[in-house]
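User: Could you take me through the surroundings of the ligands and one of the sheets in this structure, reasoning briefly before each answer?

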Amino acid sequence: MAPIPKPKPSTIAAIDKHYVDEARDWDSLGISVSLAGAECARALFYEFRWASKPEPATGKRQRLFERGQDDEEKMLRDLRAIGVEVWGEQERARAVHGFVRGKLDGIALGLLEAPKTIHVVECKSLNTKGFKAVIKDGVKKAKPLHHAQIQIYMHVLGYDRGYYYIKCADTQEYHSERVEYDVEFCLRLLANLERIIFTDVPPPKISEDPEFYLCRFCKHNSVCHNGLLPRVTCRTCIHFQPERGGDCHVSCARWAKPLSIDEQRAACPAMLFNPAFVPYEQVDVDEEAETITYRKPDGSIWIDGATREEAA
Ligand code: SF4
Ligand code: SF4
């Protein structure tokens, strides 16, 4: 007989609930700088288009997030303690019409390796495996997401040196690596991100195998590989348009108006899926009725625009 699971102690459950209640349920306005170097372009497209529900907050997840912030503050304090000047914490960095967005950890002057050179600082707390990998192979190879992040911050802020400053969360050991600005890398990366933001067609999958290691842990796996319809929001609507020249401005071609974040989340009754998101065969379009008809794999017909509640 299977053992009866032990219930979570009620005090711990109450603490976890407190964290969940305090957590902000948010959709990222654009693509976070911390994800910009992701290997799968399709995952970034889905991220930008809010294809999948945000991962639910848990007590553990929120505490890990807070620990990262605490570690970062302590690491910057330690730099100051040895006389390094640090400023610019949480300064905003924007690229690609505001659609690539992030906040940097800090800017430093007075690092002993190059006291007269300003460095963009990126602090990370890593487990032992990640920490050792960075020592062995360097940030570019061992942590490509972090490398892309620090490169974009240097590019946007106009500095040519970065300071990748890491802590081993298991042993409290510190390590750092000075990073040189790579203009070609940044221009290529930002051009690629711009293509992802302004396309209506999902880029190719990194693998056709849902069990591929990146796909297995990808939150968009069900939409990407398993024929799940994405969330109903403006971002998956055929009328959604990202705009150039602003700070993450988007609009609706159907109503010819800019869209607030709340409007995007709510969608409107005229919402019609961008067919590139629909995993069925498109068989008809009725422009007057504003419907698109699809045949599902089981042969049944689904009319988008007429049966919105089915997709919600
Ligand atoms: S499931 Fe795989 S192919 Fe699809 S978006 Fe995620 S990483 Fe990319
Ligand atoms: S038609 Fe409605 S759901 Fe579609 S983009 Fe416009 S406001 Fe959003």
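User: Which helix supplies the largest share of the shell around ligand 1?

Analyst: In this predicted model, the residues around ligand 1 include Cys40, Ala43, Tyr46, Asn221, Cys224 and His225. Two helices, H2 (41-48) and H9 (221-225), each contribute at least two residues to that shell. The largest share, three residues, comes from H9.

User: By class, how many residues of the shell around ligand 1 are charged?

Analyst: Besides the residues already named, Lys205, Ile206, Cys215 and Cys218 are found around ligand 1. The shell divides into seven nonpolar and two polar residues, and the number that are charged is one.

User: Which charged residue belongs to the residues around ligand 2?

Analyst: Around ligand 2 stand Cys234, Cys237, His239, Cys252, Trp255, Leu259, Ala267, Cys268 and Met271, together with Arg254. By class, this shell has eight nonpolar residues, one polar and one charged. Because Asp, Glu, Lys and Arg count as charged, the residue asked for is Arg254.

User: Which strands are the edge strands of the open sheet with the order E12-E13-E14?

Analyst: The three strands of this open sheet pair in the antiparallel sense. An edge strand pairs on one side only, and this holds for E12 (281-286) and E14 (301-304).

User: Which residue of E14 is the bridge partner of Tyr294?

Analyst: Strand E13, residues 291-295, pairs with E14 in the antiparallel sense over four bridges. In E14, the bridge partner of Tyr294 is Trp302.

Key: Residues numbered from 1 in each chain as written. Chains lettered and ligands numbered in written order. Predicted model: local features only at pLDDT ≥ 70, side-chain atom pairs only at ≥ 80, totals over all residues. Heavy atoms only, no water. Near = heavy atom within 4 Å. Pairing = 2+ DSSP bridges.
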